[in-house]
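Visitor: I would like to learn how to read a structure like this one. Please take me through it feature by feature.

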Amino acid sequence: MKVHEFQARELLIDAGVPVPPGRMIESIEDAAGVYKAIAAEAGTTLAVVKAQVHAGGRGKAGFVKLVNSPDEATEAARFMLTHKMVSPQTPPDGLEVAKLLIAAGVDIAKEYYLAITTDRATRRNVLIASAEGGVEIEKVAAENPDAILKEPIHPLMGLQPHQARRVAFQLGFVGKQVNQAVKIMLALSDAYQRLDCSLAEINPLIVTTKNDSHPDGQALAIDAKFNFDDNALFRQKKVAGMFDPAEENPMELRAQRIGLNYIALDGDIGCLVNGAGLAMSTMDIIKHHGGEPANFLDVGGSATEEAVTEAFRIILSDDNVKGVLVNIFGGIMRCDVIAQAIVNAAKEVGFDVPLVVRLEGTNVEEGRRILDAAKGDIPTMQSATDLGDAAKKVTDAVASTRQTS
Ligand code: GDP
Ligand code: MN
């Protein structure tokens, strides 16, 4: 699960990491008032208006804007709430923006990168840091990997102060900045562990320009990204409460609600399968025959007839789907349940697109009998003898509809 920046900031504040004051808004009308409140609280006229979407690259896309007056804040809010944001991390046609963060602006002397994640190679969590932080961090990682420091974290002892100090010196922090940076690293590492994160990232961590109240500058987090392990959400009530359904694929949500596993993909063949392993091999074999899966829908072992019918409704509601492949190897899942769900979906929604069904396993005779009886009502249906045959039939059928349309 992902959260928005304004929520990640809340978690940083809980952890003791300093962040400039900010507030989330959802309408253009609120921009001026919130700008004034934030400016008054921070004692500056500089503020930053930032799109809140589950994708990065906002700065380069024009969705992080520095503003100096209520009118500029309103204009920035108007732009962001009425345009889709397109960045390398969004779908090609972009993402709608429904929420904005207005935060106090800061004068930046230098930007750093700081993150904790899990390193599968060493089977440990790892602190990743760079003095080349900011919007070019992907480029730094690709072109100058030596500029990225990695510090493994002991699974029982956690990040040690001496490690954080070494990293702070390597990053070039000086004077009072060192202890501020160390404190932030330790707090981030602690939050990562405590909140069951899969990623806790501050980019950029900045040092402000020096002034009278902070003669060495001040270390602050001005952007944060947290991802969480979904399997731990049951014990992370605060994090779970931050879930924003508006940021999720609506079809994935629909499937989740009835306990099915649905993942949207880019192709045009809808797949209804039982078991993740069978789903993977089904996708492989579709690709082997030149097709592209439109999704991965795993009905698992214990789905009811109603849930499987809903699964077909979800697949058929996707305009990208030009053909459907049902590949069931019934163990706990019974083939007659699947067959009855196909008949229900045919009655309710109708299979306008080619449907190829391969059934094997528990109650397969009963399943075939149900489908045979309904054949007249489902003219686009073909049955297949095995997985290879099924994948070939569906890719051929989809290819021929493509030619005729
Ligand atoms: P991202 O592009 O989605 O990662 O959004 P960020 O929140 O990281 O902002 C992108 C860039 O905008 C940062 O790297 C900064 O250079 C700049 N920026 C963001 N907030 C401020 C601010 O308060 N003051 C200044 N001067 N620059 C900022
Ligand atoms: Mn950033």
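**Reading the charges and the fold**

Guide: Start with one side chain. Arginine 368 is partly exposed, at a relative accessible area of 39%. Keep in mind that this is a predicted model.

Visitor: Which side chain does arginine 368 meet in a salt bridge?

Guide: Look for the N to O distance; the cut-off is within 4 Å. Here the partner is glutamate 360, with N to O at 3.2 Å. Glutamate 360 has 24% relative accessibility, so the residue counts as partly exposed.

Visitor: Where does aspartate 389 lie relative to lysine 393?

Guide: Check the helix first, then the spacing. Both residues belong to helix α14, which covers residues 387-404. They sit 4 residues apart, about one turn of the helix. Their side chains form a salt bridge, and the closest N and O atoms are 3.2 Å apart.

Visitor: Are aspartate 389 and lysine 393 buried or exposed?

Guide: The middle class applies. Aspartate 389 is partly exposed at 23%. Lysine 393 is partly exposed too, at 26% relative accessibility.

Visitor: Why does arginine 313 count as buried?

Guide: Use the threshold: buried means under 20% relative accessible area. Arginine 313 comes to 18%, so it counts as buried. Its salt-bridge partner is glutamate 306, with the closest N and O atoms 3.4 Å apart. Glutamate 306 has 46% relative accessibility and counts as partly exposed.

Visitor: Which residues are linked in a network of salt bridges?

Guide: Follow the links from one charged residue to the next. The network takes in Glu5, Arg9, Lys50, Arg58 and Asp223.

Visitor: How many salt bridges does a search of the whole structure find?

Guide: The search gives 24. Set that beside the charge count. The chain carries 41 positive and 54 negative side chains. The centres of the two sets are 4 Å apart.

Visitor: Now strands. How many bridges join β14 to β15?

Guide: Count the bridges and note the direction. Strand β14, residues 323-330, is joined to β15 by 7 bridges, and the two run parallel. One pair to find on screen is glycine 330 with glycine 361 of β15.

Visitor: How many residues of β15 are buried?

Guide: Go through the strand residue by residue. β15 spans residues 355-361, and 5 of its 7 residues are buried. The strand is mostly covered.

Visitor: What about a loop residue? Where is leucine 95?

Guide: Place it between its flanking elements. Leucine 95 lies in the loop between α4 (70-82) and β4 (100-104). With a relative accessible area of 22%, leucine 95 is partly exposed.

Visitor: Which residues is leucine 95 in contact with, leaving aside neighbours within four places in sequence?

Guide: They are Val53, Ala55, His83, Lys84, Met85 and Thr90. For a long-range distance, take alanine 345. Leucine 95 and alanine 345 are 250 residues apart in sequence and 31 Å apart in space, C-alpha to C-alpha.

Visitor: Let us step back to the whole chain. What does its secondary structure come to?

Guide: Count elements, then extent. There are 14 helices and 16 strands. The C-alpha trace spans about 85 × 50 × 40 Å along its principal axes.

Visitor: And what share of the residues is buried?

Guide: Of the 405 residues in the chain, 50% are buried. The exposed surface is about 19500 Å², with carbon and sulfur atoms supplying 52% of it. Then look at contacts with a separation of 6 or more: residues 24 or more positions apart account for 69% of them.

Terms used:
Residues are numbered from 1 along each chain as its sequence is written. Chains are lettered from A and ligands numbered from 1 in the order in which they are written. This is a predicted model: local features need pLDDT of at least 70, side-chain atom pairs count only at pLDDT 80 or more; totals for chains, interfaces and linings use all residues. Side-chain values use heavy atoms; hydrogens and water are left out. Buried means under 20% relative accessible area, exposed over 50%, partly exposed in between (1.4 Å probe, protein chains only). Contact means heavy atoms within 4.5 Å. Accessible areas come from the Shrake-Rupley method with a 1.4 Å probe; for residues, only the protein chains shown count as cover. Lys and Arg count as positive and Asp and Glu as negative; His and the chain ends are not counted. The place of a charge is taken as NZ of Lys, CZ of Arg, CG of Asp or CD of Glu. Two strands pair if DSSP finds at least two bridges between them.
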